[in-house]
Amino acid sequence: MHQDVKEILYSKEELGQRIAELGAEISKDYAGESVVLVGVLKGAIVFFTDLARAIDDNVDVSFDFISCSSYGNSTVSTGVVRILKDLDRPVEGKHVLVVEDIVDTGTTLHYLLGNLKSRGAKSVRLVALLNKPERRKVPVDVDYIGFTVPDYFVVGFGLDYAEQYRQLPYIGILKESVYEEA
Ligand code: PRP
């Protein structure tokens, strides 16, 4: 375990099991359809690649990516969302499934889901590996949730603190001393 991690919240095995279940559910709901998986860079990337491979080949899947900014290098949301890198292709008339690592205050997803709907997508749904409802400031409907988590500062499996820890194969709780020292 990384020295800055206090406790492992979800192990590699628990994450793999839950992602397989999410993939099965999504495969059932989109059977015979085409869907664009929209990964929100960068945190979602690890979850995205595992989830995509857990979706059956009876779903016609394509990938696109978007990058939004709301946090900067801080643990506190600024509430402002900007698109830093837009999708490569239009989503008009398409089923879109946004793939996120975490929904926290809801600021990013509230904005992003509205933005994608306004582009004329046939449907826009959201799958989030982690949901932190205690922190919500703006409402967001999360269609598929991996785990509902208390308000811990979590890192790993794509989730960062100041761009670190994304490569950890588990989700862990960061030691308070790491961000209190900063
Ligand atoms: C995280 C996460 C979501 C957003 C959720 O991204 O991936 O996009 O914050 O927080 P919110 O519900 O309070 O808006 P972050 O901005 O940290 O960028 P990253 O994905 O590059 O780590």
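This is a short presentation of the sheets, cores, ligand surroundings and backbone geometry of one predicted model.

Let me begin with the conventions. Because the model is predicted, local features need pLDDT of at least 70 and side-chain atom pairs count only at pLDDT 80 or more, while totals for chains, interfaces and linings use all residues. Residues are numbered from 1 along each chain as its sequence is written, and side-chain values use heavy atoms, with hydrogens and water left out.

I turn to the sheets. The helices and strands I name are DSSP runs, numbered from the N terminus: H or I of at least four residues for helices, E of at least two for strands. Two strands are said to pair if DSSP finds at least two bridges between them.

An open sheet of six strands follows the order β4-β3-β2-β5-β6-β7, and its pairing is mixed. At its edges are β4 (82–85) and β7, each of which pairs on one side only. From one strand to the next, the twist averages 30 degrees. Angles here run from 0 to 180 degrees between N-to-C directions, with axes as lines fitted to C-alpha atoms, for helices over the stretch in contact. Within this sheet, β6 and β7 pair in the parallel sense over four bridges, and Asn 131 has Thr 148 in β7 as its bridge partner.

Helix α1 lies across β5, β6 and β7, and runs at about 160 degrees to β7. Arg 18 belongs to this helix. Is Arg 18 buried or exposed? Its relative accessible area is 18%, so Arg 18 is buried; the term means under 20% relative accessible area, with exposed over 50% and partly exposed in between, using a 1.4 Å probe and protein chains only. Beyond its neighbours within four places in sequence, Arg 18 is in contact (heavy atoms within 4.5 Å) with Ile 145, Gly 146 and Phe 147.

There is also an open sheet of three strands, in the order β1-β9-β8, with antiparallel pairing. Here β1 and β8 (154–155) stand at the edges with a single partner strand each, so one side of each has no neighbour in the sheet. The pairing of β8 with β9 is antiparallel and extends over two bridges; Val 155 stands opposite Gly 172 in β9.

Next, the interior. A nonpolar core is a set of buried Ala, Val, Leu, Ile, Met, Phe, Trp, Tyr and Cys residues joined through side-chain atoms within 4.5 Å. The largest one has 29 residues, and those with the most contacts inside it are Phe 47, Val 127, Leu 130 and Ile 171. Among the elements that give two or more residues to this core are α1 (12–29), α2 (45–53), β6 (123–131) and β9 (171–174). A second, separate core has 21 residues, including Val 36, Ile 66, Leu 112 and Leu 126.

Phe 47 merits a closer look. Leaving aside its neighbours within four places in sequence, Phe 47 is in contact with residues including Ile 19, Leu 22, Val 99, Val 127 and Phe 157.

I come now to the ligand. How many residues surround the ligand? There are 16, each with a heavy atom within 4 Å of it, and the closest are Glu 100, Asp 101, Thr 105, Gly 106 and Thr 108. An N or O atom in the side chain of Asp 101 is 2.5 Å from an oxygen atom of the ligand. Backbone N or O atoms also approach ligand oxygen atoms, at 3.0 Å for Lys 42 and at 3.5 Å for Thr 107.

Thr 107 has a further relation to Ser 70: the two are 37 residues apart in sequence and 7.7 Å apart in space, C-alpha to C-alpha. Ser 70 lies in the loop between β3 (60–69) and β4, and at 9% relative accessibility it counts as buried.

Finally, the backbone. Most residues other than glycine have a negative phi, and most peptide bonds are trans. In this model, the peptide bond from Leu 41 to Lys 42 is cis, with omega near -5 degrees; Lys 42 is in the loop between β2 and α2.

Two residues in the loop between β8 and β9 have positive phi values. For Phe 157, phi is near 50 degrees, and this residue is buried at 6% relative accessibility. For Glu 163, phi is about 70 degrees, and this residue is partly exposed at 38% relative accessibility.

Methods. Polar contact = N/O pair within 3.5 Å; in protein donor to acceptor, adjacent residues only side chain to side chain.
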